[in-house]
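This report describes the side-chain interactions and the burial of selected residues in one protein model. The discussion begins with charged pairs and then turns to cysteines, aromatic rings and the interior.

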Amino acid sequence: IYGKTCYYFHAASSTEGRKLYAPYLCLWEAIKFGKKEGCTRFDLEGIYDPRFKSMTKRWQGFSLFKKKWGGEVLEFPGAYTKITWFGLRV
């Protein structure tokens with residue numbers, strides 16, 4: 001939690017847990033906790049992004065899971081880092 005936003009950074013489940021819908025229960029409990037703490041936003045972090053197919057192609061399953069909860073999908077510009085190496089001789 002930061003400010004009025006509750007962040008749900010990562011979740012995982014075994015095959016058996018998915019059969020029992022454990023991820024839904026875990027997320028629902030997290031939402032209730034955030035609400036009890038006064039949060040007005042719940043951020044599920046990233047989803048599949050077709051702009052970065054090779055990096056996010058395995059995210060399609062949990063992206064559908066996240067979208068089932070409703071809410072608003074926000075799109076941010078991609079993060080690009082340029083690393084410059086300076087040749088230092090020791």
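## Charged pairs

Two salt bridges are found when the whole structure is searched. The model is a predicted one, and the values below are computed from its coordinates.

One of these salt bridges joins Glu29 to Lys32, with 3.1 Å between the closest N and O atoms. Glu29 and Lys32 both belong to helix H2 and are three residues apart, so about one helical turn separates them. Glu29 is partly exposed, at a relative accessible area of 40%, and Lys32 is likewise partly exposed, at 40%.

Another salt bridge links Arg51 with Asp49, and here the closest N and O atoms are 2.6 Å apart. In this pair Arg51 is partly exposed, with a relative accessible area of 41%, whereas Asp49 counts as buried at 15%.

Which side chain of opposite charge is nearest to Lys66, and how far away is it? It is Glu45, at a distance of 7.2 Å. Because a salt bridge requires the side-chain nitrogen to lie within 4 Å of a carboxyl oxygen, Lys66 has no such partner although it is buried. Lys66 is located in helix H4. Setting aside residues up to four places away in sequence, Lys66 touches Leu44, Glu45, Gly46 and Ile47.

## Overall architecture

The protein contains four helices and two strands. Read from the N terminus, these elements follow the order β-α-α-β-α-α. Of the 90 residues, 18% count as buried. Among contacts between residues at least 6 apart in sequence, 61% connect residues at least 24 apart.

## Cysteines

The search of the whole structure finds zero disulfides. Cys6 takes part in none, and the nearest cysteine sulfur, which belongs to Cys39, is 4.8 Å away. Cys39 is also in no disulfide, its nearest cysteine sulfur being that of Cys6. A disulfide calls for sulfur atoms within 2.5 Å, so a separation of 4.8 Å does not qualify. Both cysteines are buried: Cys6 has a relative accessibility of 6%, and Cys39 has a relative accessible area of 13%.

## Aromatic pairs and their cluster

The count of aromatic pairs comes to seven. In one of them, the ring centres of Tyr21 and Tyr24 are 5.6 Å apart and the ring planes stand at 55 degrees, so this pair is tilted. Tyr24 also pairs with Phe65, in an edge-to-face arrangement with 4.6 Å from centre to centre and 75 degrees between the planes. Since Tyr24 lies in helix H2 (residues 22-36) and Phe65 in helix H4 (residues 60-67), the pair ties together parts that are 41 residues apart in sequence.

The three residues of these two pairs fall into separate burial classes, as tabulated here.

| Residue | Relative accessible area | Class |
|---|---|---|
| Tyr21 | 54% | exposed |
| Tyr24 | 26% | partly exposed |
| Phe65 | 18% | buried |

Tyr21, Tyr24 and Phe65 belong, with Trp28 and Trp69, to one aromatic cluster.

## The nonpolar core and its surroundings

Which residues make up the largest nonpolar core? Five residues form it: Tyr8, Leu27, Ala30, Leu44 and Phe65. Phe65 is thus named both in this core and in the aromatic cluster. Leu44, another core member, is one of the residues touched by Lys66.

Ala30, also part of the core, has contacts with Cys6, Tyr8 and Phe42 when residues up to four places away in sequence are not counted. One of these contacts, Tyr8, is itself in the core, and Cys6 is the buried cysteine discussed above, at 6% relative accessibility.

A further buried position in helix H4 is Ser63. Ser63 has its place in that helix and counts as buried, with a relative accessibility of 4%. Apart from neighbours within four places in sequence, Ser63 is in contact with Ile47 and Tyr48. Ile47 is also among the residues that Lys66 touches. Helix H4 therefore holds Phe65, which pairs with Tyr24 of helix H2, and it also contains Lys66 and Ser63.

Technical notes:
Residues numbered from 1 in each chain as written. Predicted model: local features only at pLDDT ≥ 70, side-chain atom pairs only at ≥ 80, totals over all residues. Heavy atoms only, no water. Phe/Tyr/Trp six-rings, centres within 6.5 Å; stacked < 30°, edge-to-face > 60°. Buried < 20%, exposed > 50% of the residue type's maximum accessible area, 1.4 Å probe, protein only. Lys, Arg positive; Asp, Glu negative; His and termini not counted. Contact = heavy atoms within 4.5 Å. Core = buried A, V, L, I, M, F, W, Y, C linked by side-chain atoms within 4.5 Å.
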